[in-house]
Each structure stands twice: as C-alpha cells, then as structure tokens.
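Hi everyone, thanks for making time this morning. I'd like to walk you through one model, so please have the sequence and the structure open while I talk.

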Amino acid sequence: MEKLEKKEVSQAIIVANNFTDNFAPFTDTTPVALLPIVNVPFLDYAIEFLNFSRIEETFIVVSSGVDQVRSHIEKRLKEYYIWSVKMTITVIGSEGSHSIGDVLRDIEAKGLIRGHFILMTGDTVSNANLIPLLERHKQIAKYDKGACMTVMYMELPPCMRTGDEVTVAVDRLNSRLLTHQRQNPLNRERNFTFDLEYFKLPSSAEIRHDYADPQIAICSPMVLTLFADNFDFETRDDFIRGLLINEEILDSRIYVAELPAGEYAMKVSNWQKYKIVSNDIIHRWTHPLSPDMGIGRMKLQYHISKNLVYKNKSVQLARSSVLKESLVIHEDSSVGDNSWLSQCVVGRRCRIGRNCKISNSFIFDDVVIEDNVQLDHCIIGQGVVIKGNTTVSGGSVCGDRVIIPDSSTIDKLTIQADPPEFSAPAQKLGNSAYIVVEEEDDEAGDSEDEEKDTAQTRIKRMIVDDCADVESDVSLSSDEEESHRASPVPEDANIFLSEVIDSLKRGFEEKSNPEFLVLEINSSRYAYNMSLSEVNFYVVQAIFHLSPLTDATTNVLAALKQIYNHLGPVLKNYIKGEAAMEDCLKAIQDVCQEKDNIKPRVSQIVHFFYSVDLVSEEAVVAWYENLDDDAKWLRDGLKKLIVWFQEASSDESSE
C-alpha cells in the first residue's frame with residue numbers, strides 16, 4: 001500500500017513596512033500597506049492576489065503600526081471579504097525589525113514556515129497567477145536541492161524608469177540567475193559591469209535590462225536559514241548578491257520566472273510609481289483587480305462611463321462640472337460648478353468647490369477643496385483643507401490634516417500638519433502646514449548603500465512625463481527628453497551601428513560562430529538601449545557595409561550570397577515576424593538610397609531576401625504600397641518584381 005503524503009499548506013509572508021521614508025509623512029504614523037491606492041489599501045490588493053493563487057495561510061509582518069493592521073484585518077473579516085473563506089491571516093508584530101532580513105530572521109525563530117512559501121511586500125500590486133510558478137519552483141527544487149528562490153520579473157515597456165529596474169543575466173536553458181544589478185533610477189546607464197566569467201558561458205546566457213522587480217519571490221524553506229546564518233543580509237538584494245558571489249560555498253541557487261503576457265506585477269516604491277500603478281489600475285491592466293470589482297468584496301463600487309470615468313452612485317456633480325477621463329470618484333463626494341477633473345482619484349466624502357482644475361492628482365478621504373483651486377501632479381492626504389485661490393503642483397505632497405492657507409502656491413514641496421523636529425520659523429506655512437526640508441543627496445551616497453533595495457526609490461516626486469528618465473527631482477535634460485528606445489539619439493545609433501559593423505566584419509573574415517556574433521550584438525543593444533526594431537534595422541544595414549558588397553558593382557547578387565552563406569543565421573535570428581520584415585525592407589530602402597553601386601540592383605536584393613525566406617511576398621507588397629511619393633526611384637525599381645508577385649498569385653488562384 002502506497003504511503004499517503006501529507007498535503008503541504010501553501011503559505012505566504014507579506015512585509016507590511018517598506019523601511020524607507022519615500023511615502024513620508026504618511027508612513028510616519030501608518031504602515032505603507034495601509035496607504036490607499038485608487039481608494040483601496042495596498043494590503044487588500046496583496047491579500048486578494050494571494051487568494052487568487054490559492055494561498056491558504058498568510059503571515060503579515062508589521063514592524064510599526066501592528067494594531068492598525070490588526071484592526072484592518074478584523075474589519076475585513078466582519079465585512080466577509082472573499083479571502084476570509086479559505087485563507088487564514090495572522091498579523092505578527094516585529095517591532096525590532098528594521099529590514100526584510102530582520103523580519104525573516106524573526107519568522108525563522110518563531111518556526112511558522114513549514115515548506116515553500118511566497119515572499120512579497122505589502123506595497124506590491126499584482127494579478128499574476130502564482131499556481132504554475134509555485135509548481136515549477138517545487139519541481140526545480142526536486143532535482144536541484146540547492147534551489148532556494150525563484151524571483152519574479154515583469155518586462156517593462158520602452159523608456160519607463162521608476163526605480164525598480166534591474167539588469168540580469170539568465171541562463172535560458174534552465175532559467176538560473178547568473179548576475180544581478182539594480183539600475184540607477186536617477187539617470188540612464190550606458191554601461192554595465194559583468195564578471196568576465198559570464199561571457200565565457202555558451203550562447204544560452206541572456207542579458208536583460210528591461211525587467212522590473214515587483215519584489216515577489218517563491219522561496220524554499222532554506223531561505224530563512226540562510227538569512228538567519230548571515231546577518232549582513234538586510235535586503236533581498238543583499239541576499240541575491242551574497243548567493244551569487246558565494247554560490248559554491250553556500251550551495252544555493254536562484255532561478256528566474258518572467259511573468260507571461262497579460263499578467264501584471266509592480267512594487268509601488270515611490271510617488272512616481274504610485275502614479276503609474278494607479279493609472280494601470282484605472283486602465284484595467286490589473287483586472288480583475290480593477291476599481292469596479294470591489295477588491296475582495298462582492299459589491300459594486302462604481303459605475304463606469306466613457307473615457308474610464310468611475311463614479312460612485314452617491315457622488316453629486318454640478319451641471320457645469322466636467323469629468324474628462326481616467327478618474328475615480330468615491331462615495332458621498334461632490335464637485336462644484338465649472339470644475340474640471342482629469343486623470344485623478346478622489347476619495348470618500350470629499351468636497352470640491354467651484355472653478356477648480358484638478359489633473360494627475362490623488363486625493364484621499366474627507367478632503368475639502370475650496371473655490372478656484374488648481375491641483376496638478378500632487379498627493380493630498382486625508383482630512384486636508386485647501387483654501388481658495390491656491391495652486392499645488394510639481395509632485396507636492398500634503399500630509400493628513402494639513403490646512404493650506406488662502407492664495408498659496410505650493411510647488412515641489414512636502415507639507416505636514418505638525419511642525420517637524422528642529423523646524424525653523426521659515427518652515428511654517430500656516431498653523432497646520434509646515435514645510436518639510438528635504439535632506440541633501442550629496443551625503444546620501446555611500447556607493448554601497450546606493451546598491452541596496454532602499455536606494456532603488458530615490459525618485460522623490462511624481463513627474464509630468466512618465467515615459468522619460470528621471471535625472472533629477474522632477475526635471476529632465478534636453479538630451480534625455482529626446483531619448484527613447486524607439487528613437488535613440490543619433491550618437492547612440494551611430495555607435496551601435498559601428499559596433500555591429502565591426503562585429504559582423506570580424507565574424508565574416510574570421511568565420512566566427514554566428515551564435516557568438518548574436519551575443520555580441522545583443523550586448524551592444526543593451527549597452528545603448530536599442531529597441532528590437534532598431535536592432536533589426538541596423539543589422540541589415542550593417543550587412544551592406546561589408547567589403548564584398550562595398551566593392552561590388554555588377555556582381556552585387558554574388559557578393560550578397562557570399563555574405564549570407566556565413567551570416568545568414570545572424571539575419572534569421574533577428575528577421576522573424578511581419579514587424580521585423582518591415583524593418584528589414586526599410587533598411588534595404590535606406591541603404592540603397594545612399595549607395596549608388598547597389599541602388600540599381602534594389603529589385604534583385606529584395607528578391608534575394610525573399611528567396612531565402614527573410615521577407616514574405618505579403619510583406620514586400622504591403623511595403624511597396626505604402627511607399628512615400630518621394631520614393632519614385634524605388635517604385636520604378638520594384639515594379640517588375642511586384643508584377644511578378646501578382647502574376648504568380650493569379651496563376652495559383654486559377655489552378
């Protein structure tokens with residue numbers, strides 16, 4: 001008779017504090033997990049996410065504000081939240097903890113974890129399905145006894161900089177993490193440093209710089225032991241770095257799981273990230289964690305109208321008020337005459353006066369905004385009163401119970417209701433409004449400290465443009481404003497193209513392994529932040545800069561065949577799919593227009609690329625039909641080829 005195995009209870013740990021002051025003054029009195037985002041506390045998103053993944057037992061560890069978290073959980077239990085049916089939640093006070101490392105050492109000492117578990121922070125929002133990732137982690141742990149952690153990453157869209165990006169090297173064959181660097185959130189890196197040993201690995205090693213780290217990990221029980229044995233592990237980055245450096249000594253390995261398309265996970269580590277994730281929730285990227293779903297309760301919270309306007313049925317709107325787009329207004333709030341709202345969140349019981357303009361702002365509960373107030377890119381805490389004719393902008397933060405005096409102008413400031421410690425008279429704005437003077441960053445910077453998790457959040461405020469690199473507090477240099485992965489500055493494009501030409505020239509002359517050439521090109525791609533579309537374009541262009549083609553006149557086709565015989569695998573690695581074919585054809589158009597020796601042979605060149613299956617007939621015809629009027633030379637050169645395509649198609653259809 002087979003021995004019955006005891007079912008392992010699925011467990012999770014939520015760290016409710018973030019051990020930074022990025023959300024001050026709110027987190028001076030409240031754990032970050034209880035701050036609202038789109039009118040719902042972070043903690044509710046985290047618990048609902050774990051409930052989706054069938055986690056049965058969750059430990060919420062709180063270093064400060066434990067009574068507040070306990071009261072919140074008790075309130076949710078009385079309201080019969082969905083997760084209360086199958087999940088047990090235990091709130092654990094860990095008052096002496098000052099880092100994630102301290103929290104995990106405390107958990108290990110209490111002996112609460114009995115198997116594999118999920119580790120996440122309370123300020124992470126995700127709709128990911130952890131069930132297959134957890135099973136995959138357990139399978140890896142069966143054949144690799146040193147598999148201690150699987151870290152989750154989400155691929156970011158181009159040019160987004162939030163403070164949580166990492167650059168990693170991963171072995172594609174087994175998804176093992178080889179190296180890990182946290183990117184500097186304050187400027188765009190052009191170079192990354194990796195140990196030489198990683199470039200001695202086979203072509204299965206892949207370097208990625210487009211990952212966001214949502215701080216979700218699937219952990220084996222040995223993780224707690226490793227934290228307990230190594231007191232210098234304060235953050236998760238410390239843990240990863242320590243294991244990668246001492247992998248053989250500790251006999252422990254880390255694996256990577258990339259979230260599949262359609263799944264979402266972001267850690268809200270600063271106000272800029274708060275804005276990004278709020279907009280993602282409103283635009284339903286986190287579905288089913290969307291505003292109208294109630295987040296944990298079977299109750300309709302909002303009615304949705306066009307342009308993603310979520311409005312509670314109890315909201316009172318003046319007839320002349322305008323609700324433009326992407327905004328949420330909670331119950332018992334009101335908006336006065338001629339007021340205009342767009343891309344913002346308004347909490348419960350808020351009063352917005354007449355002639356107000358509010359955009360890209362987040363207003364907590366019980367806020368009073370008097371007439372003729374303008375809010376743009378700001379956070380307004382609970383119970384705040386903003387007197388008339390006031391402007392608040394530039395990523396300013398107003399803490400709970402602040403009263404902003406009449407006709408004030410607040411720009412790039414943090415304000416709290418009570419005087420900060422050691423405050424000077426000049427810091428007082430009103431009886432319940434004190435400006436918090438921020439520490440200078442000049443001293444902030446031990447290089448060692450910069451590498452820690454806490455340094456990932458040194459973006460101080462929300463900025464106007466999400467799709468830009470944050471270089472200072474809220475401003476960008478003109479060069480950086482123009483910089484985008486899809487449209488790089490000319491210097492970067494030229495340098496990248498020259499490096500690709502050098503690699504292919506050397507590879508062609510020395511008959512190098514094409515896989516090594518692909519690895520070189522990818523390294524250059526990540527160094528200069530080039531998009532895949534740009535890589536496709538410049539790789540094809542680089543082919544025409546090799547000596548057989550630069551010297552060719554009448555024998556262009558023979559020279560192209562000679563190059564393709566060796567570098568064909570490189571081209572096939574990049575030219576895959578309709579979008580890549582379009583990039584390839586545009587590169588041919590661009591290079592033929594510049595080079596007189598191959599311009600008359602453009603039809604033969606396109607036909608050759610078609611004959612070796614790099615471009616399809618449909619792609620060539622679509623490209624031809626969309627050519628601009630100033631490309632008459634190209635239309636004339638391709639006319640016979642297009643006619644040939646059409647005749648071949650008609651012959652096939654007649655048969």
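**A tour in five stops**

Let's begin with a single residue: Ser 407 is found in the loop between strand 30 (403-404) and strand 31 (409-411). Please keep in mind that this is a predicted model. The phi angle of Ser 407 is near 60 degrees, which is a positive value in a residue other than glycine. Is Ser 407 buried or exposed? Its relative accessibility is 46%, so Ser 407 counts as partly exposed.

Move along to Lys 412, in the loop between strand 31 and strand 32 (414-416). Here too phi is positive in a residue other than glycine, near 55 degrees. Lys 412 has a relative accessibility of 41% and therefore counts as partly exposed.

Now let me step back to the whole protein. Its secondary structure comes to 19 helices and 34 strands. Of its 655 residues, 55% count as buried. And if you take the contacts between residues at least 6 apart in sequence, 57% of them join residues at least 24 apart.

Next stop, the aromatic rings. How many aromatic pairs are there? The count comes to 17. Take Phe 26 and Trp 271: their ring centres are 5.9 Å apart and their planes stand at 75 degrees, and because an angle over 60 counts as edge-to-face, that is what we call this pair. This pair links distant parts of the chain, with Phe 26 in the loop between strand 1 (11-15) and strand 2 (36-37) and Trp 271 in helix 8 (residues 271-282), 245 residues apart. Both partners are tucked away from the surface probe: Phe 26 is buried at a relative accessible area of 3%, and Trp 271 is buried at 2%.

Trp 271 has another partner, Tyr 274, and that pair is edge-to-face as well, with 5.2 Å from centre to centre and 70 degrees between the planes. Why are Trp 271 and Tyr 274 separated by about one helical turn? Because they are three residues apart in helix 8. As a reminder, an α-helix has 3.6 residues a turn, so residues three or four places apart point the same way. Tyr 274 is buried, as is Trp 271. Put the ring pairs together and you get a cluster of Phe 23, Phe 26, Phe 42, Trp 271, Tyr 274, Phe 362 and Phe 364.

While you are looking at that loop between strand 1 and strand 2, please find Pro 25, which has its place there. A cis peptide bond joins Ala 24 to Pro 25, with omega about 5 degrees. Another cis peptide bond joins His 287 and Pro 288, where omega is about 10 degrees. Pro 288 sits in the loop between helix 8 and strand 15 (303-305).

Rings also meet charges in this model. The charged end of Lys 357 sits over the ring of Trp 340, 5.1 Å from the ring centre. Likewise, the charged end of Lys 511 sits over the ring of Phe 508, 4.3 Å from its centre.

On to the helices. Helix 5 (residues 222-229) has these buried residues: Val 223, Leu 224, Leu 226, Phe 227 and Ala 228. What covers them? The cover includes helix 3 (100-110), strand 6 (117-121), strand 8 (147-155), strand 12 (216-219), helix 6 (236-245) and helix 7 (247-250).

My last stop is helix 16 and its neighbours. The axes of helix 13 (residues 532-543) and helix 16 (residues 578-594) come within 8 Å and cross at roughly 40 degrees. That angle makes helix 13 oblique to helix 16, and the crossing is right-handed. On the helix 13 side, the residues in contact are Ser 533, Asn 536, Phe 537, Val 540 and Gln 541, and the helix 16 residues they meet include Ala 580, Asp 583, Cys 584 and Ala 587.

Helix 16 also packs with helix 18 (residues 617-625), at an angle of about 55 degrees and with the axes 10 Å apart. That makes helix 16 oblique to helix 18, and this crossing is right-handed too. Here Met 581, Leu 585, Lys 586 and Gln 589 of helix 16 meet Ala 619, Val 620 and Trp 623 of helix 18. Look for Lys 586 on your screens, since it is listed in the contacts with helix 13 and again in those with helix 18.

That's the tour. Thanks for listening!

Key: Residues numbered from 1 in each chain as written. Predicted model: local features only at pLDDT ≥ 70, side-chain atom pairs only at ≥ 80, totals over all residues. Heavy atoms only, no water. Phe/Tyr/Trp six-rings, centres within 6.5 Å; stacked < 30°, edge-to-face > 60°. Helix = DSSP H or I, 4+ residues; strand = E, 2+ residues; numbered from the N terminus. Buried < 20%, exposed > 50% of the residue type's maximum accessible area, 1.4 Å probe, protein only. Lys NZ or Arg CZ within 6 Å of the ring centre and 35° of its normal. Axes fitted to C-alpha atoms, helices over the stretch in contact; angles between N-to-C directions. Parallel < 35°, antiparallel > 145°, perpendicular 65-115°, else oblique. Left-handed = near helix turned anticlockwise from the far one by under 90°. Contact = heavy atoms within 4.5 Å.
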